[in-house]
Amino acid sequence: MSNHSTEFDYDDTLARCARGEHDALHALYRQEGSRMLGVVQRIVKDRGMAEDIVHDAFLNIWQRAATFDNERGAARTWIFSIARHLALNAIRRRERMPDSAFEPDELEQQDTTRPEGQTFEAFDWQTGQRMDDCLKELEAERRTCVLQAYVNGLSHAEIAAHTGAPLGTVKAWIKRSLVRLRECLA
């Protein structure tokens, strides 16, 4: 297939996606993935967030391909509108979300004693400080998801409901954030 969008049959590719043909989605991704990433990154101004949004956009395209109506507009316009809407929603969520689910001072004020009154002597305070520093390097949305999962014990579905982000995005954020935290602490 050529890289020229005039030679790529978007209508047919979406129809094939609607029929469940995975190779059609893969072809669409090869055709438009990098351009879509560029468009989304210009909107959200964050590469990691843009990658997550493009991932979610292609999931949406796959799941909603049967709803595409070529009488209402061009297929290429439709797929980019999905990505654009997800990007704008992400910006709105980011603006509403606090910098952190927990303030560092709040974490320091927590009681570090066991119920029996014994202190946690085995705690490595240096590692704790390094963890705080590494958490601060994560984007606010991702940091909040990690803290909600591992401090508050929320499930991925509960975090998705709380943040308004798609479940797949929450899972990807947490997974990638844990990799970044592991690398930071190494």
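# A walk through nine helices

α8 passes α9 in a right-handed crossing (right-handed if the near helix is turned clockwise from the far one by less than a right angle, left-handed if anticlockwise). What you have open is a predicted model, in which local features need pLDDT of at least 70 and side-chain atom pairs count only at pLDDT 80 or more, while totals for chains, interfaces and linings use all residues. Residues are numbered from 1 along each chain as its sequence is written, and side-chain values use heavy atoms, with hydrogens and water left out.

**Stop 1: α8 and α9**

Select α8 and residues 167-185, which are helix α9. They pack at an angle of about 110°, with their axes 9 Å apart (axes are lines fitted to C-alpha atoms, for helices over the stretch in contact, and angles run from 0 to 180 degrees between N-to-C directions). That makes α8 roughly perpendicular to α9 (65 to 115 degrees; under 35 counts as roughly parallel, over 145 as roughly antiparallel, and the rest as oblique). Show side chains: from α8 come His-156, Ala-157, Ile-159, Ala-160 and Thr-163, and from α9 come Leu-167, Val-170, Lys-171 and Ile-174 (contact means heavy atoms within 4.5 Å). Sorted by type, the residues of this α8 and α9 contact are six nonpolar, two polar and one charged (Ala, Val, Leu, Ile, Met, Phe, Trp, Tyr, Cys and Pro are nonpolar, Asp, Glu, Lys and Arg charged, and the others, Gly among them, polar).

**Stop 2: α7 and α8**

Keep α8 (residues 156-163) and add α7 (residues 140-150). Here the packing angle is about 135° and the axes are 10 Å apart, so α7 and α8 are oblique to each other. This crossing of α7 past α8 is right-handed. Which residues meet here? Look for Cys-145, Gln-148 and Ala-149 in α7, and Ile-159, His-162 and Thr-163 in α8. The α7 and α8 contact divides into three nonpolar residues, three polar and no charged.

**Stop 3: zoom out**

Now show the whole chain as a cartoon. You'll find nine helices and zero strands (DSSP runs numbered from the N terminus: helices are H or I with at least four residues, strands E with at least two). Of its 186 residues, 37% count as buried (under 20% relative accessible area; exposed is over 50%, partly exposed in between, with a 1.4 Å probe and protein chains only). Taking contacts between residues at least 6 apart in sequence, 65% join residues at least 24 apart.

**Stop 4: the core**

In soluble globular proteins, nonpolar side chains tend to be buried together. To see that kind of grouping in this chain, select Leu-14, Met-36, Val-40, Ile-61 and Ile-79, the residues with the most contacts inside the largest nonpolar core, which has 31 residues (a core is a set of buried Ala, Val, Leu, Ile, Met, Phe, Trp, Tyr and Cys residues joined through side-chain atoms within 4.5 Å). At least two residues of this core come from each of α1 (10-18), α2 (22-44), α3 (47-64) and α4 (75-96). Which helix gives the largest share? That's α4, with 10 residues. There's also a second, separate core of eight residues, including Cys-145, Ile-159, Ala-165 and Val-170.

**Stop 5: Leu-14 and Ile-61**

Click on Leu-14 in helix α1. Its relative accessible area is 1%, so Leu-14 is buried. Leaving aside neighbours within four places in sequence, Leu-14 is in contact with Leu-28, Ile-61, Ala-65, Phe-68, Ala-75, Trp-78 and Ile-79. Hop over to Ile-61: with the same kind of neighbours left aside, its contacts include Leu-14, Leu-25, Met-36 and Ile-82.

**Stop 6: two more spots in α3**

Select Ala-50, also a resident of helix α3. Is Ala-50 buried or exposed? Buried, because its relative accessibility is 0%. Beyond neighbours within four places in sequence, Ala-50 is in contact with Leu-37, Val-40, Gln-41 and Val-44. Then pick Asn-60 in α3, which is buried, with a relative accessible area of 18%. Outside four places in sequence, Asn-60 is in contact with Ala-65, Ile-82 and Leu-86.

**Last stop: Arg-94**

Finish in helix α4 with Arg-94, which is partly exposed at 33% relative accessible area. Setting aside neighbours within four places in sequence, Arg-94 is in contact with Val-44, Asp-46, Met-49 and Glu-141. Draw a distance from Arg-94 to Ala-140: they are 46 residues apart in sequence and 7.7 Å apart in space, C-alpha to C-alpha.
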